[in-house]
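Trainee: I am new to this structure and would like a close look at a single part of it. Which residues line the largest cavity, and what surrounds them?

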Amino acid sequence: MPGSSCSGDAGILRCTGCAGTMCDCSRAGVPAMFPASLSTSFLLLALVGTVDVNAASGDPEAARFQRDLLAVLECRAGADTQQIVANTLRAARYGDPDRRPLHLRDWHFEHTGETGDAAVTVIDMPVPLTLQGVQTRRVFADDQGFSIAIDAAARDRIVASHGLQLRSSTLREPFKVWSAQSIDGSVSTSSIMVRSVGDEYRLGCTAPHVGTQVARSPDRQQRADANDLTAAIECRADDATLDRVERVLQQVMEQPQSGWPAEVRTVSAPTHAINGTVLPVFQIELQTPLQIQGVATDRLLVAPAGLFAADLGRVNVASVLLDAGLNAADQQAGVLVWQREASRSGLPSASIRINERVVARTDDGTVLTGCSSSQMRKAGSDPKNVNIPH
């Protein structure tokens with residue numbers, strides 16, 4: 001599916017993130033039905049299928065289209081073939097029905113849903129196709145690409161047989177995706193994908209994509225690992241480490257769920273309140289927990305004002321403060337928040353980056369610990385020497 005992105009710079013740790021809360025991010029609207037860029041952005045139908053073709057005998061154009069369509073549906077078609085099929089179906093969808101090729105005369109196209117992300121073109125075919133043991137005469141085309149409907153039993157069978165991983169989101173559609181990924185989180189070839197659509201499920205394919213620099217770089221130094229994430233949360237990360245962590249966060253925010261880093265399982269926008277004030281956060285749950293200050297957690301939080309933190313659950317806040325090197329003198333007035341500068345470094349833009357160690361106890365007893373990064377003008381470069389807005 002097309003990448004989801006915020007309207008602004010996504011450099012979270014550089015305090016230049018999206019306006020408003022992190023959960024304001026949503027998928028950019030794209031034409032839902034046969035866009036011109038289908039050959040590079042459409043999710044294609046799933047692997048291993050058959051089509052019962054009853055074409056006009058001796059019609060080479062019909063035979064060629066049927067072969068091309070089958071290749072597309074089986075996710076083995078090249079970009080040129082994908083475009084040919086897309087153009088043919090687009091012409092059949094929007095052109096004069098009386099001027100369609102003979103082999104598409106009995107195909108029915110119906111537009112449903114609203115415009116934009118919710119728009120769907122339902123394609124009913126006179127001949128059945130079978131994919132992954134599911135036979136159908138109906139194909140859906142939406143902003144996620146081509147897909148067919150499957151039931152829960154078929155979903156479970158396909159997910160198990162292909163070893164697909166679940167990735168879910170409460171922030172944008174689709175809410176759940178089961179997909180296969182390489183170890184670095186990239187999807188270099190088209191592969192089978194199952195996704196939820198309301199209470200139903202669709203079988204489709206991931207589109208080949210290189211995604212962000214995190215996904216396409218073969219260099220280990222371009223990809224954040226567990227040590228990088230831990231260092232960033234504990235205010236021990238250098239600039240190179242922060243860059244790697246930033247790219248992971250960008251990938252989660254900007255890529256479809258099938259293109260998330262392999263270690264990411266779920267994203268959501270939980271509610272945390274401190275002294276009655278709600279702290280808007282973007283939560284990332286990992287496949288494997290991290291050890292943060294001796295506590296295992298799989299929940300990472302990104303919040304406005306450059307905060308990158310971990311949710312430690314309802315642990316003893318005194319022990320967390322001790323491990324973080326904070327004490328009673330670091331408590332902020334009137335709230336259960338402790339904060340102290342950990343480091344600062346110069347930036348090329350005549351600014352100083354200040355990293356502060358933060359521990360907070362929310363109103364429900366959850367303890368958050370992390371690092372807040374902000375920027376300040378160097379003395380002399382700005383007479384007011386004020387903090388740069390995050």
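Mentor: A residue is called buried when its relative accessible area is under 20%, exposed when over 50% and partly exposed in between (1.4 Å probe, protein chains only). The model is a predicted one, in which local features need pLDDT of at least 70, side-chain atom pairs count only at pLDDT 80 or more, and totals for chains, interfaces and linings use all residues. Residues are numbered from 1 along each chain as its sequence is written, and side-chain values use heavy atoms, without hydrogens or water.

Let us begin with the chain as a whole. Of its 390 residues, 52% count as buried. The chain has 8 helices and 20 strands, taken as DSSP runs (H or I, at least four residues; E, at least two) and numbered from the N terminus. Among contacts (heavy atoms within 4.5 Å) with a separation of 6 or more, 53% join residues 24 or more positions apart.

We now come to the part you asked about. A cavity is a set of 1 Å grid points where a 1.4 Å probe fits but cannot get out, and lining residues have an atom within 4 Å of a point. The structure holds 4 cavities of 30 Å³ or more, and the largest contains about 70 Å³ of space. Its lining consists of Leu69, Val72, Leu73, Leu89, Trp107, Ile123, Met125, Leu129, Val139 and Phe146. By class, these are 10 nonpolar residues, with no polar and no charged residue in the lining. Two elements, α2 (60–73) and β5 (120–131), each supply at least two of the lining residues.

Leu89, one of the lining residues, lies in helix α3 (residues 79–94). Because its relative accessibility is 3%, Leu89 counts as buried. In sequence, Leu89 stands 15 residues from Leu104; in space, their C-alpha atoms are 8.6 Å apart.

Phe146, also part of the lining, leads to a residue further along the chain. Its C-alpha atom is separated by 9.2 Å from that of Arg202, although their positions lie 56 residues apart along the chain. Arg202 belongs to strand β11 (residues 200–205) and is buried, since its relative accessible area is 7%. Leaving aside residues up to four places away in sequence, Arg202 touches Phe140, Asp142, Ser147, Ile148, Ala149, Ile150, Met193, Val194, Arg195 and Val197.

For comparison, consider the largest pocket, with about 390 Å³ of space. Its lining of 24 residues has Leu279, Leu307, Val337, Gln339 and Val358 nearest the centre. Two or more lining residues come from each of β14 (277–280), β17 (307–311), β18 (337–347), β19 (351–361) and β20 (367–377). The largest contribution, 6 residues, is that of β20. This lining divides into 14 nonpolar, 9 polar and 1 charged residue, whereas that of the largest cavity has no polar and no charged residues.

Finally, a word on confidence. The average pLDDT (the predictor's confidence in each residue, from 0 to 100) is 75 for the chain, and 72% of the residues score at least 70. The value is below 50 over residues 209–221, a stretch that has 29 contacts in the model beyond near neighbours in sequence. Residues 381–390 also stay under 50, with 19 contacts beyond four places in sequence. Where pLDDT is low, the predicted coordinates should not be read in detail.

Technical notes:
On a 1 Å grid over the protein atoms alone, a cavity is a set of points where a 1.4 Å probe fits but cannot get out, and a pocket is an open set with protein on both sides within 12 Å along at least five of seven lines; lining residues have an atom within 4 Å of a point. Grid points are joined across faces, edges and corners, and a volume is the space filled by probe spheres set on the points. Ala, Val, Leu, Ile, Met, Phe, Trp, Tyr, Cys and Pro count as nonpolar, Asp, Glu, Lys and Arg as charged, and the others, Gly among them, as polar.
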